[in-house]
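Q: I should like to learn how to read the features of a protein model. Could we work through one together?

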Amino acid sequence: MRIVVAGGGIAGISAAYELAARHTVTVLEQEPHLAYHTTGRSAALFTENYGDGTVRPLTAASRRFFDDPPDGFADHPLLSDRGTLTIARADQLDRAEQLHEAGSSRSDAVEMLDPGAATAMCPVLRSELLAGAVWEPEAADIDVAALHQGFVRGTRSRGGTIRSSAELTSATWSKNGWRINAGDDVIRADVLVNASGAWADVVSTRCGVEPIGFVPRRRTAFMVTAPGGAAGWPMIIDADEAFYFKPDGGQLLCSPGDETPSAPVDAHPEEIDVATAIDRINMATTLGLRHVRSQWAGLRTFAPDDAMVIGRDPSTPSFVWLAGQGGTGIQSAPAAARFVASIVEDLPPPPDILAAGLDLEGVDPARFRGF
Ligand SMILES: Cc1cc2nc3c(=O)[nH]c(=O)nc-3n(C[C@H](O)[C@H](O)[C@H](O)COP(=O)(O)OP(=O)(O)OC[C@H]3O[C@@H](n4cnc5c(N)ncnc54)[C@H](O)[C@@H]3O)c2cc1C
C-alpha cells in the first residue's frame, strides 16, 4: 500500500515508523525541520495518571516501548526517573484525593503525603500553605529528541521517505487513489494519514474532508536557573494545574498551565502568561523567581470533546485521522502509532491496547459525523 503521512511531529513520524515496516510510506512536513512545532516544545513527561479515559489506555500501552524499545532504536534509555508531586492547599484537597484514588487504582506506588513529607522532597515548597500532596514515583522524564529521532531513523531504515519543506497544499481522491500536491511534487497514495497537529482541520479541508472542529490551545513554558540540590526534585504540579515546574538540565522548566485558544500558528509566549506563572510559583514556594532564561509556547490541540481522534473518516475512508493529542501526544505515541497502523491495515486493534481498555468509539472520528 502507498501511504502518505501529513505531519512530521511525534504522531506522524511514529505512525510512519509502524507502517513503513510493511508499506511504501512518505512523510510530508511543511517546515524545514521536523518536530519544529508542538513536539519540540513539550514538558517531556510520561505519566499514566493524566488525561481522559481515551488517552490513559494508550499511555499505559506505550510504557513497554519506552522501557524496552527495539534494538538500536536509541543509544540510551528513553525514560529517566522523575516522579510527580501534585500539591494541594486545603481548598484543593478534594481534587488531590480524586487524583490519588485514580492513581492508586492503577498502581500501589501512588501515595498521599502530608505537608512535611512533601516539603522533604522539595524543600522550597511553603509547607504552611499545603494540606497534602500526591506522590507518583512512576512518572518519568521522556527523552523526546531520542524518541523522535529513533522513529525517524527507523522509518528511513525501513525504506520510508521523509520530506521536509514539503507542505501538503491540496489533495483529491478518485478511484485511482489520492493525488497529493506538496510543493512542486505530485504524490500518489492509497491512504492519507492526517497527523498535522494544530493544522488537522486545515489539512482535512485541503483534502476535501469536512473538518472536525479542533481547537489548538497555547501553553507557555520557560526556563529559570535552578537552585542547588534541585536536580533530584520531582515535578511539582499544582492540583488545579495552575502551574508546574520540574528540573531540566540544571534549570527549572516552569509553566502556568495555560490553555488559550489559538489559530494554528507558530506559537509565541505572551509576557502575561510568563508573569502569571512566576507569581503563582513564588506564592507557593520560596524560589523567588525573577529572571527568565528562555521561553516558548506550543499548541496543544483538542477535539470538541477533548478526546483523541484516530480512525478513518466515514465520508472518505482512505482519509485517516491521527489528531487531537492535546497534552499527551508524546507519552501515548508508541501505542497510538500501532493502533492507527492496525486501522490502516484493516486489522483488529493490538490486543494489549484493547486489554488496556481503549474506548474504540471514544476515539473514532465517526462520533462527530452522526454515526
Ligand atoms: C508546553 C507543552 C507541554 C507539553 N507537555 C507534554 C508532556 O509532558 N507529555 C506529553 O506526552 N505531551 C506533552 N505536550 C503535548 C505534546 O507535545 C503534543 O501532544 C504532541 O507533540 C503532538 O504531536 P503532533 O505530532 O500531533 O503535533 P506537532 O508536533 O505539532 O506535529 C504536526 C506537524 O504537522 C506539520 N504540518 C501541519 N500542516 C502541514 C501540511 N499542510 N503539510 C505538511 N506538514 C504539515 C507541522 O508543521 C507539524 O510539524 C505538551 C505540549 C506543550 C505545548
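**Reading the model step by step**

A: Let us begin with a single residue of this predicted model: C122 is buried, with a relative accessible area of 0%.

Q: Where in the chain does C122 lie?

A: C122 belongs to the loop between α5 (115-121) and β7 (132-136).

Q: With which residues is C122 in contact, leaving aside its neighbours within four places in sequence?

A: Its contacts are W233, I236 and F245. A further residue, P234, is 112 residues away from C122 in sequence, yet their C-alpha atoms are 7.4 Å apart in space.

Q: How should one read a nonpolar core?

A: In soluble globular proteins, nonpolar side chains tend to be buried together. In this model the largest nonpolar core has 49 residues, and L147, I310 and L322 touch the most other members. If residues up to four places away in sequence are not counted, L147 touches I10, F65, F66, F73, L78, I142 and I330. There is also a second, separate core of 27 residues, which includes L85, A133, V224 and L287.

Q: Which residues of helix α1 are buried?

A: They are I10, A11, G12, I13, S14, A15, A16, Y17, E18, L19 and A20. Since 11 of the 11 residues of α1 (residues 10-20) are buried, this helix is largely enclosed by the rest of the structure.

Q: How does one read a sheet, and in what order do the strands of the six-stranded sheet stand?

A: One follows the strands from edge to edge. Here the order is β9-β2-β1-β13-β21-β20, in an open sheet with mixed pairing. The edge strands are β9 (161-163) and β20 (309-312); each has a single partner strand, so one side of each is left without a neighbour in the sheet. On average, neighbouring strands of this sheet are turned by 15° against each other, direction ignored.

Q: How many bridges join β1 to β13, and do these strands run parallel or antiparallel?

A: Strand β1 (residues 2-6) and strand β13 (residues 191-194) run parallel and are joined by four bridges. One bridge pairs A6 with N194 in β13. Helix α9 (residues 333-344) packs on this sheet, where it touches β1, β13, β20 and β21 (319-323); the direction of α9 makes about 15° with that of β20.

Q: What is the strand order in the three-stranded sheet?

A: That open sheet has the order β10-β11-β12, with antiparallel pairing. Its edge strands, β10 (168-174) and β12 (185-189), each pair on one side only. From one strand to the next, the twist averages 20°. A hairpin joins β10 to β11 through two residues, and six bridges link these antiparallel strands. Among the paired residues, S170 has N181 in β11 as its bridge partner. Five bridges connect β11 (residues 177-182) to β12, with A182 opposite D185 in β12.

Q: How does one describe the way in which domains meet?

A: The size of an interface is often given as the accessible area lost when the parts come together. The domain assignment gives domain 1 (2-70 + 143-213 + 304-368) and domain 2 (84-137 + 215-302). Their contact takes 24 residues from domain 1 and 26 residues from domain 2. Between them the two domains bury about 1900 Å², 50% of it on carbon and sulfur atoms. The centres of domain 1 and domain 2, taken over C-alpha atoms, are separated by 29 Å.

Definitions and conventions
Residues are numbered from 1 along each chain as its sequence is written. This is a predicted model: local features need pLDDT of at least 70, side-chain atom pairs count only at pLDDT 80 or more; totals for chains, interfaces and linings use all residues. Side-chain values use heavy atoms; hydrogens and water are left out. Two strands pair if DSSP finds at least two bridges between them. Axes are lines fitted to C-alpha atoms, for helices over the stretch in contact, and angles run from 0 to 180 degrees between N-to-C directions. Contact means heavy atoms within 4.5 Å. A nonpolar core is a set of buried Ala, Val, Leu, Ile, Met, Phe, Trp, Tyr and Cys residues joined through side-chain atoms within 4.5 Å. Buried means under 20% relative accessible area, exposed over 50%, partly exposed in between (1.4 Å probe, protein chains only). Domain bounds come from an automatic or database domain assignment. Buried area is the accessible area (1.4 Å probe) that two parts lose on being put together, summed over both.
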